[in-house]
Amino acid sequence: MSFQVKDVLKIISNYFSIFSTSNIKKVLFPSTTSGVIWQYFAGSLAWLAVVGMAAMNLRTYLTYPSNSPEVGVTYYAFLTLHGWSAMLGLVPFAAISVIAYSMYKDGMSIRRTKLMSGMFWLANAGLIFALLGGPDMGWYMYPPLAVEDNSNFHAFLNYHGALMGIAYLALAISSLAQTIATVNLVSDAYATKPKGQKLGIFSAYGVAFAVIIALTLPALTAAELWYTLNILAGVPINTLLWLVLFWFYGHPVVYYVPFPLFGALYYFVPKFSGRPLFSEKWARWNIYLLAIGSMLIWVHHLQTFPIPVPVRLWINLSTLVLASGSGLTVLNLGLTVLTSKGYNYKDPVGMATLMALIGFILGGVQAVPLPMFPINPIVHNTYYVVGHFHLVIWTLILMGFTAVFLDVLRTVRPGFDYSKSATRLINAGILVWTIPFVIVGYLMSMEGYMGMLRRVIAYPTTFYPYNLSISLLAEIGIAGIVMAIGSALVEFLTYSPSTTVSVSSGTSTPSVSLATQQNMKGEFFDNLKLKLNNNVYGKTSDLRRLK
Amino acid sequence: MADFKEKIAHHAELAWFIVMLVMVAVFFSWSVIEVTNGSSTSIRYGLPLFSGLPAQAQQAVLTFEKSPPANRTSEVVDGILVVNMTAMQNGTFSDVFHPNVIVAQPGEPITIILNSPQVITGFFIRLPDGVVNVNAVPNEPSYVYFVAPNQPGNYTWREPELAGYDFSYMTGTLEVV
């Protein structure tokens, strides 16, 4: 009996050895490029979970057309949680993880890993501190609503007075940390680029848009600091100027993830088409068009605001030129697929890539009329716009991100691949996610065109069937992405790189476990599976063989 | 012909890029013509600028501001109904728009001077001929110009911008009689 208790304690202690100080340090402050990539991917997924949960809360309220004004307090707090988690958390972290991975894939590395992980935690801490205040002014935090704290308006539920200024300061530090991380990526790409070689198409897009992030994200930091100075030192805010400053960041931010993902698509589509990219030359020239264009069109978010006519003409032209660049991307990728002998959509990465491309086309088409200012006011501030940008997020961004994530799992562990059953589950999950959300995107745009205003909690009953359908389809779709990413993660975490290992041992600590752990010192996830499989009363077990 | 098709196939990207640039040029030119002629829907329904108003509406606004009516909210000036509207919240969502009822005749031109002294608000109304949709920022009035529908009836306008918890309920009525 005493032997058994001792044995159990040993097993438990073995389990908890995963959480040793050195292992925790390795996870919190990784010292390898792949470790940093993992860290930012994990951060992105965590914020994605928050974004999704907040969104489903909102969708639940919207299944009822006559919510009382009291609902507004909760609704707008969740709305801001949804928006900030997406735009200030998920987007920058996902962009950095994809860019870092593109560098890794093309033979570059991150030299200052401690700096990257330090910035990761600083950015998270700032954002979490601000979110704990219960902001309820919406993600683009327009002034003066976002700095009000009186009987009519309060920008934060829990923070008042100087604390509001400190919350904006925390946000400014968060965005500054993200900027420093991207500057570091550019610097490391320059320093570690293989001599005499052209950057691969994936990393060329990744690094180019790291530069764009580094150039535009400071506008957000400045806007947040302006709020801090307003609240703490009474510095006045010019509303229109603040809006222009914010959107100088606020428009390019929607490209932070998609454009590095264009690089991923340029890399994956030829691979799964079994032929070279239709035109790599154009793909590379397109970087300039997209990078420069993305910074020139921000004012189109202010079409219904009192801005001068020449500015309107400029944004109309510049937005359409940028749209041409996106069209060129679609054409290049589309022709690569169509002129191939058969696209391998059965591969999970191939499937996610294809859904990202198709979704981008469907979501992009919705955007074409938006820069036209004779048309824009018809749908500005309605669900038409919400349908468009969410459709692009659900497909290009999330499916593109999923494709990269699935490829990361394959790449960081040589020999790992998805089993047939996991492949089926992942592909099914991708379709269960994409198909409902494409319908949701178009339903939103239809009701928006008919006059359903965004962010409302009470609406004409005409829109009730639309909102009910949207909420139900979203519930179905969410199961899809959980199924896809969940299946891939389970497959990865339960995989052992050993081929067929079967060891008999009478000792309480199987020798194979120790031997394999020594071979893979520092590989946290490798150890996890081995410990789970082998430390059962010191008995033997077969390590799982997946391939 | 076969040669031409082959050339197109080989230069599909360039061809498509040129097609897109032509489309951009056409769309952009259309916008410029619409704006400069004052015939675009944005101008007709009130680009939110004083300079975006038709000349007669600009004159009517100047006359209205020079000698405001006794009620200070609305007056017909040279056949144009000028409305001086303010969006103010006082803890409740009712009566945010002052005035919150506009009475107009079918086909009557209407100009709204929209003031929003507290936070960013807006004015959104769907009419049979199109949508009027503008924002107003504090300390800077926005201007709206549109023509009342020919069909008599009540038309609801809404506040389209997040301007506090109650913005879903901030409405007003255009009564065409």
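Helices here are DSSP runs of H or I with at least four residues, and strands are runs of E with at least two. By that count, chain B holds 4 helices and 10 strands. The model is a predicted one.

Start with chain B. Its order along the sequence is α-α-α-α-β-β-β-β-β-β-β-β-β-β. The helices come before the strands in that pattern. Chain B has 177 residues, and 41% of them count as buried. Now take its contacts between residues with a separation of 6 or more. Of these, 57% join residues 24 or more positions apart.

Chain B is split into two parts. Domain 1 of chain B covers 2–37, and domain 2 of chain B covers 55–176. Their centres, taken over C-alpha atoms, lie 41 Å from each other.

Next, see where the two chains meet. On the chain B side, 48 residues are in contact with 45 residues of chain A. Four elements of chain B each supply at least two residues to this side: α2 (12–37), α3 (41–44), β6 (121–127) and β7 (130–136). Which element gives the most? It is α2(B), with 13 residues. By residue type, the chain B side divides into 25 nonpolar, 16 polar and 7 charged.

Now turn to chain A. Its domain 1 is assembled from two stretches, 1–27 and 494–547. Domain 2 of chain A is a single stretch, 31–315. Domain 3 of chain A again has two stretches, 344–404 and 416–484.

Domains 2 and 3 of chain A touch. The distance between their centres, over C-alpha atoms, is 20 Å. In this contact, 32 residues of domain 2 of chain A meet 31 residues of domain 3 of chain A. On the domain 2 side, the elements that give two or more residues are α3 (33–61), α4 (71–105), α9 (258–273) and α11 (309–338) of chain A. That side is made of 20 nonpolar, 10 polar and 2 charged residues.

One of those elements, α11 of chain A, deserves a further look. Helix α10 of chain A, residues 280–294, packs against α11(A). How are two packed helices described? The angle between their axes and the distance between the axes do the job. For α10(A) and α11(A), the angle is about 150° and the axes are 9 Å apart. Angles over 145 degrees count as roughly antiparallel, so α10(A) and α11(A) are roughly antiparallel to each other. Their crossing is left-handed.

The residues that make this contact can be picked out one by one. From α10(A) come A:Trp282, A:Ala283, A:Asn286, A:Leu289, A:Leu290, A:Gly293 and A:Ser294. From α11(A) come A:Ser318, A:Val321, A:Leu322, A:Gly325, A:Leu328, A:Thr329 and A:Asn332. Together they divide into 7 nonpolar and 7 polar residues, with no charged ones.

Finish with a single residue of α11 of chain A, A:Leu333. Is A:Leu333 buried or exposed? A residue is buried if 20 or more other C-beta atoms lie within 10 Å of its own. A:Leu333 has 26 within that distance, so A:Leu333 is buried. Which residues does A:Leu333 touch, leaving aside its neighbours within four places in sequence? They are A:Leu265, A:Val269 and A:Leu357. A:Leu468 makes another reference point. A:Leu333 and A:Leu468 are 135 residues apart along the chain, and their C-alpha atoms are separated by 36 Å.

Conventions: Residues are numbered from 1 along each chain as its sequence is written. Chains are lettered from A and ligands numbered from 1 in the order in which they are written. This is a predicted model: local features need pLDDT of at least 70, side-chain atom pairs count only at pLDDT 80 or more; totals for chains, interfaces and linings use all residues. Domain bounds come from an automatic or database domain assignment. Two residues are in contact if their C-beta atoms, placed from the backbone, lie within 7 Å. Ala, Val, Leu, Ile, Met, Phe, Trp, Tyr, Cys and Pro count as nonpolar, Asp, Glu, Lys and Arg as charged, and the others, Gly among them, as polar. Axes are lines fitted to C-alpha atoms, for helices over the stretch in contact, and angles run from 0 to 180 degrees between N-to-C directions. Angles under 35 degrees count as roughly parallel, over 145 as roughly antiparallel, 65 to 115 as roughly perpendicular and the rest as oblique. A crossing is left-handed if the near helix is turned anticlockwise from the far one by less than a right angle, and right-handed if clockwise. A residue is buried if 20 or more other C-beta atoms lie within 10 Å of its own, exposed if 12 or fewer, and partly exposed in between; C-beta atoms are placed from the backbone.
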